[in-house]
Amino acid sequence: MLKYDNNGLMIDQNYQLMWEGMDTCSIYIQNGAQHTHGVSDSTLSVAAYRSATILNKIADDAVYPNIEDSPLVHWGCGSNYKS
């Protein structure tokens, strides 16, 4: 049986549905965790991050490291810039 709270399905940080059999069998959700993971959950721009998070959980290893504190784009001119 799936677990619900006041906002809908209960989903953990790894996009895994919370349910009574989750210790022996996992169910993962794509594009359905907006109420737990924020408005960007349904956008394609986070699909790679979401997929890597799920795969890492299934593999129980950092197959695709997700560096959460690293920006996607580094703005600036770098050390080679001369004014």
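**Entry 1. Isoleucine 27 and the surface patch**

I began with isoleucine 27, whose place is in the loop between E2 and H1. The model I am reading is a predicted one. How accessible is isoleucine 27? I found a relative accessible area of 31% for isoleucine 27, so the residue counts as partly exposed. I then looked up the surface patch to which isoleucine 27 belongs. Together with Leu2 and Tyr4, Ile27 makes a nonpolar surface patch of about 270 Å².

**Entry 2. The chain as a whole**

I next noted the overall make-up of the model. The protein chain holds two helices and two strands, and I read their order from the N terminus as β-β-α-α. I recorded 83 residues in the protein chain, of which 23% count as buried. For the accessible surface of the protein chain I noted about 6,400 Å², with 54% of that area belonging to carbon and sulfur atoms. I also looked up how contacts are spread along the sequence. Taking contacts between residues at least 6 apart in sequence, I found that 28% join residues at least 24 apart.

**Entry 3. Glutamine 16**

I turned to glutamine 16, which is found in the loop between strand E2 (8–9) and helix H1 (34–37). Is glutamine 16 buried or exposed? Its relative accessible area is 4%, and I therefore entered glutamine 16 as buried, the limit being under 20%. Which side chain makes a polar contact with that of glutamine 16? I found serine 26 as the partner, at 2.9 Å. Setting aside neighbours within four places in sequence, I listed the contacts of glutamine 16 as Met10, Ile11, Met22, Ser26, Ile27, Tyr28 and Lys57. Isoleucine 27 of my opening entry is thus one of the residues in contact with glutamine 16.

**Entry 4. The nonpolar core**

Which residues form the largest nonpolar core? I counted seven residues there: Leu9, Ile11, Tyr15, Leu17, Ile29, Ala33 and Ile54. I followed isoleucine 29 further. Leaving out neighbours within four places in sequence, isoleucine 29 is in contact with Leu9, Ile11, Tyr15, Leu17, Arg50 and Ile54. Tyrosine 15, also a member of this core, lies in the loop between E2 and H1. I noted tyrosine 15 as buried because its relative accessibility is 5%. Its phi is near 65°, a positive value in a residue other than glycine.

**Entry 5. Arginine 50**

I looked up arginine 50 since it appears among the contacts of isoleucine 29. Arginine 50 is found in helix H2. How accessible is arginine 50? I read 2% relative accessibility, so arginine 50 counts as buried. Not counting residues up to four places away in sequence, arginine 50 touches Tyr15, Ile29, Gln30, Asn31, Asp41 and Thr43. Among these, Tyr15 and Ile29 are also members of the largest nonpolar core.

**Entry 6. Helix H2 relative to tyrosine 28**

I checked two further residues of H2 against tyrosine 28, which is in contact with glutamine 16. Serine 51 lies in helix H2, residues 47–59. With 35% relative accessibility, I entered serine 51 as partly exposed. Serine 51 and tyrosine 28 are 23 residues apart in sequence, and I noted 10.0 Å between their C-alpha atoms. Isoleucine 58 is likewise found in helix H2. I read a relative accessible area of 54% for isoleucine 58; the cut-off is over 50%, and therefore isoleucine 58 is exposed. How far apart are the C-alpha atoms of isoleucine 58 and tyrosine 28? I recorded 9.6 Å for this pair, which is 30 residues apart along the chain.

**Entry 7. Aspartate 60**

My last item was aspartate 60, which lies in the segment after H2. I found its relative accessible area to be 71%, so aspartate 60 is exposed. I then looked up the backbone of aspartate 60. The phi of aspartate 60 is near 55°, a positive value in a residue other than glycine. I set this beside tyrosine 15, where phi is near 65°. Tyrosine 15 is buried, whereas aspartate 60 is exposed.

Definitions and conventions
Residues are numbered from 1 along each chain as its sequence is written. This is a predicted model: local features need pLDDT of at least 70, side-chain atom pairs count only at pLDDT 80 or more; totals for chains, interfaces and linings use all residues. Side-chain values use heavy atoms; hydrogens and water are left out. Helices (H or I, at least four residues) and strands (E, at least two) are DSSP runs, numbered from the N terminus. Buried means under 20% relative accessible area, exposed over 50%, partly exposed in between (1.4 Å probe, protein chains only). Contact means heavy atoms within 4.5 Å. Accessible areas come from the Shrake-Rupley method with a 1.4 Å probe; for residues, only the protein chains shown count as cover. A polar contact is a pair of N or O atoms within 3.5 Å; within protein, one must be able to donate a hydrogen and the other to accept it, and residues adjacent in sequence count only if both atoms are side-chain atoms. Patches are made of residues with over 30% relative accessible area and no salt bridge: like charges are joined within 9 Å, nonpolar side chains (Val, Leu, Ile, Met, Phe, Trp, Tyr) within 5 Å. A salt bridge is a side-chain nitrogen of Lys or Arg within 4 Å of a carboxyl oxygen of Asp or Glu. A nonpolar core is a set of buried Ala, Val, Leu, Ile, Met, Phe, Trp, Tyr and Cys residues joined through side-chain atoms within 4.5 Å.
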